[in-house]
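Thank you all for coming; I would like to walk through one structure with you this morning, slowly enough that somebody who has never seen it can follow. Please have the view open in front of you as we go.

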Amino acid sequence: MMEENILEVKNLETSFFTHVGEVKAVRGVSFSVKKGEILGIVGESGSGKSVSLMSMMQLIEHPGKIKNGEVFFEGNDLLKKKEKEMLNVRGKEIAMIFQDPMSSLNPVYRIGNQIIESILYHDKISKAEARKRAVELLKMVGIPSAEERLNSYPHEFSGGQRQRIGIARALAVNPEFLFCDEPISALDVSIQAQIMNLLMTLQKERHLTMLFIAHDLAMVKHISDNIGVMYLGKLVEISPAAELYEKPYHPYTQALLESIPIADPDLAKSRGRHFLTGDVPSPIDPPKGCRFCGRCSKCMDICLEVRPELKEVSKGHQVACHLYDD
């Protein structure tokens, strides 16, 4: 029996209004995630990955605005919920791990209070029980001397430890879905591996569903069941993780994968390279057709005029490219 989609995003559009005009950061993004799966979203800076995630949680503030779309979580459209209703969704049903733990943790509050506050808001338990759970969470994510460190401030921890605390706080009330907004990009390589291993272990133990945003394609491959590739506010390819790396269809995806460093210099030298030329188009005045056309060596006349939409090229593998119109 097929698992039902726990999350369905349909035609999500978000704009930012600036003194030079409207900037469409997210342009008609659609995807779905089944319960227990991990969907990785990759793409270069400014492609709309984080804005998509923040839009789903209704965390976009002025001058940003969610202009269109539906975000169904377990059948309910999150974008139709009022702020008071969303306060019960955030943390309890969907939790979030942010990119920079130093900015997501309050620097003047002890970390114990920040975790306990979340538990008390969502669960009707005593403060003593909440404190006990906070200690257990810190132990679970590998913070030494957890009970004593509850009274410490964020600046008294290393970057890796702060990210672990962010994970503990996200898991405080057993959410079903975890949004991870580049949770390892600000960390050293050795710490990145530790955090990734921790997330994968917790996902298996707690049967979490995850949406994982990252720049590191090699890292995303190991954690994700499916991967979506974003370019200038749109998804250009969605595929099972293994298939995307073995047979990427979109020229942009091919270029991204070819940019992954290879440790073997001889193998790296023999590998073909697809170098991108040109610049990313202006998000204020994007091209009429395919937004990647100006950097694509395979651009055709139709690409200049008609915007390609996602279409299935094999089971579970979709691509937005006129090369596969047939």
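**A walk through the model**

Let me begin with Ser145, which is partly exposed, having a relative accessible area of 47%. I should say at once that this is a predicted model, and every value I quote is computed from it. Ser145 is found in the loop between α5 and α6, and its phi is near 50°, a positive value in a residue other than glycine.

A second residue of this kind is His207, whose phi is positive at about 55° although His207 is not a glycine. It sits in the loop between α8 and β8, the strand at 209-213, and with a relative accessible area of 61% His207 is exposed.

While we are on the backbone, please look also at the loop between α1 (49-56) and β4 (64-73), where Pro63 has its place. His62 and Pro63 are joined there by a cis peptide bond, with omega about 10°.

Now to the helices. Two packed helices are described by the angle between their axes and the distance between the axes. How, then, do α4 and α5 pack? Helix α5 covers residues 127-140, and α4 packs with it at an angle of about 120°, the axes being 9 Å apart. That angle makes α4 oblique to α5, and the crossing in which α4 passes α5 is right-handed. On the α4 side the contact is made by Ile111, Ile115, Ile116, Ile119 and Leu120, while α5 brings Lys127, Ala130, Arg131, Arg133, Ala134, Leu137 and Leu138. Sorted by class, this contact has nine nonpolar residues, three charged ones and no polar ones.

The other pair I would like you to find is α7, residues 159-170, and α8, residues 189-206, which pack at an angle of about 15° with their axes 10 Å apart. Angles under 35 degrees count as roughly parallel, and α7 and α8 are therefore roughly parallel to each other. Their crossing is right-handed. From α7, the residues Gly160, Gln163, Arg164 and Ile167 meet Ile191, Gln194, Ile195, Leu198, Leu199 and Leu202 in α8, and the residues of this contact divide into six nonpolar, three polar and one charged.

What about the interior? In soluble globular proteins, nonpolar side chains tend to be buried together. Here the largest nonpolar core has 59 residues, of which Ile115, Leu138, Ile167, Leu178, Met210 and Phe212 touch the most other members. Leaving aside residues up to four places away in sequence, Ile115 touches Ala134, Leu137, Leu138, Ile165, Ala168, Arg169 and Ala172. Apart from this core lies another, of 29 residues, among them Val26, Met57, Leu78 and Met86.

I will finish with two individual residues. Is Ser118, which is found in helix α4 (residues 111-122), buried or exposed? At 18% relative accessibility, Ser118 counts as buried, and beyond residues up to four places away in sequence, Ser118 touches Arg169, Ala172 and Val173. Glu147, by contrast, has its place in helix α6, residues 146-149, and is partly exposed, with a relative accessible area of 48%. With the same sequence neighbours set aside, up to four places away, Glu147 touches Arg131 and Val135. Between the C-alpha atoms of Glu147 and Gly91 there are 23 Å in space, and the two are 56 residues apart in sequence.

Technical notes. Residues are numbered from 1 along each chain as its sequence is written. This is a predicted model: local features need pLDDT of at least 70, side-chain atom pairs count only at pLDDT 80 or more; totals for chains, interfaces and linings use all residues. Side-chain values use heavy atoms; hydrogens and water are left out. Axes are lines fitted to C-alpha atoms, for helices over the stretch in contact, and angles run from 0 to 180 degrees between N-to-C directions. Helices (H or I, at least four residues) and strands (E, at least two) are DSSP runs, numbered from the N terminus. Angles under 35 degrees count as roughly parallel, over 145 as roughly antiparallel, 65 to 115 as roughly perpendicular and the rest as oblique. A crossing is left-handed if the near helix is turned anticlockwise from the far one by less than a right angle, and right-handed if clockwise. Contact means heavy atoms within 4.5 Å. Ala, Val, Leu, Ile, Met, Phe, Trp, Tyr, Cys and Pro count as nonpolar, Asp, Glu, Lys and Arg as charged, and the others, Gly among them, as polar. A nonpolar core is a set of buried Ala, Val, Leu, Ile, Met, Phe, Trp, Tyr and Cys residues joined through side-chain atoms within 4.5 Å. Buried means under 20% relative accessible area, exposed over 50%, partly exposed in between (1.4 Å probe, protein chains only).
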